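Student: Before I rely on the labels attached to this model, I would like to go through them one at a time and set each value against its cut-off.

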Amino acid sequence: MTRGRTTPAGQPNPGPDGGAVRLTVLGSGDAFGSGGRLHSAYLVEAPGVTFLLDCGPSVLQGLKRAGRTPAALDFLCVSHLHGDHFGGVPFLFLEYRYESPRTRPFTIYGPPETERRIHTLHAALYPRQCDEGLPFGTTYVELRDGTPVETRGVRLLPFRVPHVPELVCFGYRIEVAGRTILYSGDSAWTEALVTHARGADLFVCECSTYETRLDVHVSYPEIAARARDLGCGRLLLSHLGSEPLRHLAALSLECAEDGMTIEL
Ligand SMILES: [Zn+2]
Ligand SMILES: [Zn+2]
């Protein structure tokens with residue numbers, strides 16, 4: 001079930017090998033910061049492109065702890081508009097205004113309402129800076145279920161996952177540099193994840209609970225029961241809540257850690 005090289009959290013690593021894709025877990029925690037873990041954010045680095053999957057409020061801490069420069073980001077891809085997945089965008093904008101001045105354009109992909117929700121959040125957190133506008137062009141691309149987009153050699157396929165009824169929530173199947181990553185976003189367990197996992201090099205799946213079965217998140221027994229059927233190169237559980245963290249030592253499936261890097 002394991003393929004690729006892993007650099008443990010906190011250790012320097014040399015960067016992607018020629019042609020390789022590197023995913024760094026910036027935040028493996030849930031909305032509650034269970035276990036002191038950071039909010040959802042994953043950095044993907046591949047030849048010629050660097051991007052984020054989700055951008056929780058602790059994104060700058062995650063990037064800087066991992067020794068990565070926020071300036072390197074080409075775009076952001078948001079799974080859904082819950083705070084632990086997009087609340088870091090105003091902080092990223094602030095970083096680009098003051099600490100890592102940015103002039104090159106930035107693109108944000110996400111579900112419907114992404115532009116309006118980010119604008120509202122930015123206005124609430126940093127009203128003057130929001131009024132003044134950003135010193136770089138920002139393009140919002142609001143995606144549709146099942147309609148892929150291609151940018152900078154990356155193919156993003158959003159597919160709708162069952163999470164909460166009031167939001168359109170996406171998982172993503174991402175193809176970059178000959179590798180495929182499946183990201184669940186936040187989702188209840190659904191056969192759509194099984195379908196899209198087949199052939200992926202890496203499947204990053206949320207696992208919020210253990211004993212508790214919810215209709216908005218995956219519990220450990222649900223994914224453990226299907227792990228052998230997935231047909232993916234490597235399965236990594238993340239968005240870990242307090243229940244799976246209490247059982248961590250006994251879990252047989254691989255669990256993410258903040259700062260962990262995976263080479264594909
Ligand atoms: Zn979440
Ligand atoms: Zn959510």
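The dialogue below takes up confidence, the metal sites, burial, strand pairing and the nonpolar cores in turn.

Tutor: This is a predicted model, in which local features need pLDDT of at least 70 and side-chain atom pairs count only at pLDDT 80 or more, while totals for chains, interfaces and linings use all residues. Residues are numbered from 1 along each chain as its sequence is written, chains are lettered from A and ligands numbered from 1 in the order in which they are written, and side-chain values use heavy atoms, with hydrogens and water left out.

Student: How do you know what confidence the predictor places in the chain?

Tutor: The predictor's confidence in each residue is given as pLDDT, on a scale from 0 to 100; the chain averages 94, and 93% of the residues score at least 70. Over residues 10-14, however, the pLDDT is below 50, and this stretch has seven contacts in the model beyond near neighbours in sequence, where contact means heavy atoms within 4.5 Å.

Student: What makes D84, H85, D186 and H239 donors of the zinc ion (ligand 1)?

Tutor: Donors are N, O and S atoms within 2.8 Å of the metal (3.2 Å for Na, K and Ca), and since water is not among the atoms, sites may look incomplete. The OD atoms of D84 and D186 and the NE2 atoms of H85 and H239 coordinate this zinc ion at 2.1 to 2.2 Å, so they meet the 2.8 Å limit. Along the chain the spacing of these donors is D-H-x100-D-x52-H.

Student: Why is the site of the zinc ion (ligand 1) called irregular?

Tutor: Four donors count as tetrahedral if all angles lie between 85 and 135 degrees; four count as square planar and six as octahedral if opposite donors are over 155 degrees apart and all others between 65 and 115; anything else is irregular. Here the angles among the four donor atoms run from 88 to 161 degrees, and because 161 lies outside the tetrahedral range, that name is ruled out. The site is classed as irregular.

Student: Which residues are the protein donors of the zinc ion (ligand 2), and what is its geometry called?

Tutor: Its protein donors are H80 (NE2), H82 (ND1), H163 (NE2) and D186 (OD), at 2.2 to 2.4 Å, and with angles of 93 to 165 degrees among the four donor atoms this site is irregular as well. The two zinc ions are 3.6 Å apart, and D186 coordinates both. H82 lies in the loop between β5 (75-77) and α2 (83-86) and H163 in the loop between β9 (154-160) and β10 (170-176), so this pair ties together parts that are 81 residues apart in sequence; helices (H or I, at least four residues) and strands (E, at least two) are DSSP runs, numbered from the N terminus.

Student: Which of the donors D84, H85, H82 and H163 are buried, and which are partly exposed?

Tutor: Buried means under 20% relative accessible area, exposed over 50%, and partly exposed in between (1.4 Å probe, protein chains only). D84 at 8% is therefore buried, as is H85 at 0%, and H163 at 6% is buried too, whereas H82, at 22%, counts as partly exposed.

Student: How do you know that β9 pairs with its partners?

Tutor: Two strands pair if DSSP finds at least two bridges between them. Three bridges join β8 (residues 149-151) to β9, and seven join β9 to β10, so each count meets the requirement. Both pairings are antiparallel, with T151 opposite V154 in the one and R155 opposite E175 in the other. β8 and β9 form a hairpin with two residues between them, where R152 in the turn has a positive phi of about 50 degrees. Five of the seven residues of β9 are buried, so this strand is largely enclosed by the rest of the structure.

Student: What makes a group of residues a nonpolar core, and how many residues has the largest one?

Tutor: A nonpolar core is a set of buried Ala, Val, Leu, Ile, Met, Phe, Trp, Tyr and Cys residues joined through side-chain atoms within 4.5 Å. The largest has 49 residues, and I223 and F203 are among those with the most contacts inside it. Helix α3 (residues 89-99) supplies the largest share, four residues. Apart from this core lies another, of 29 residues, including Y109 and V154.
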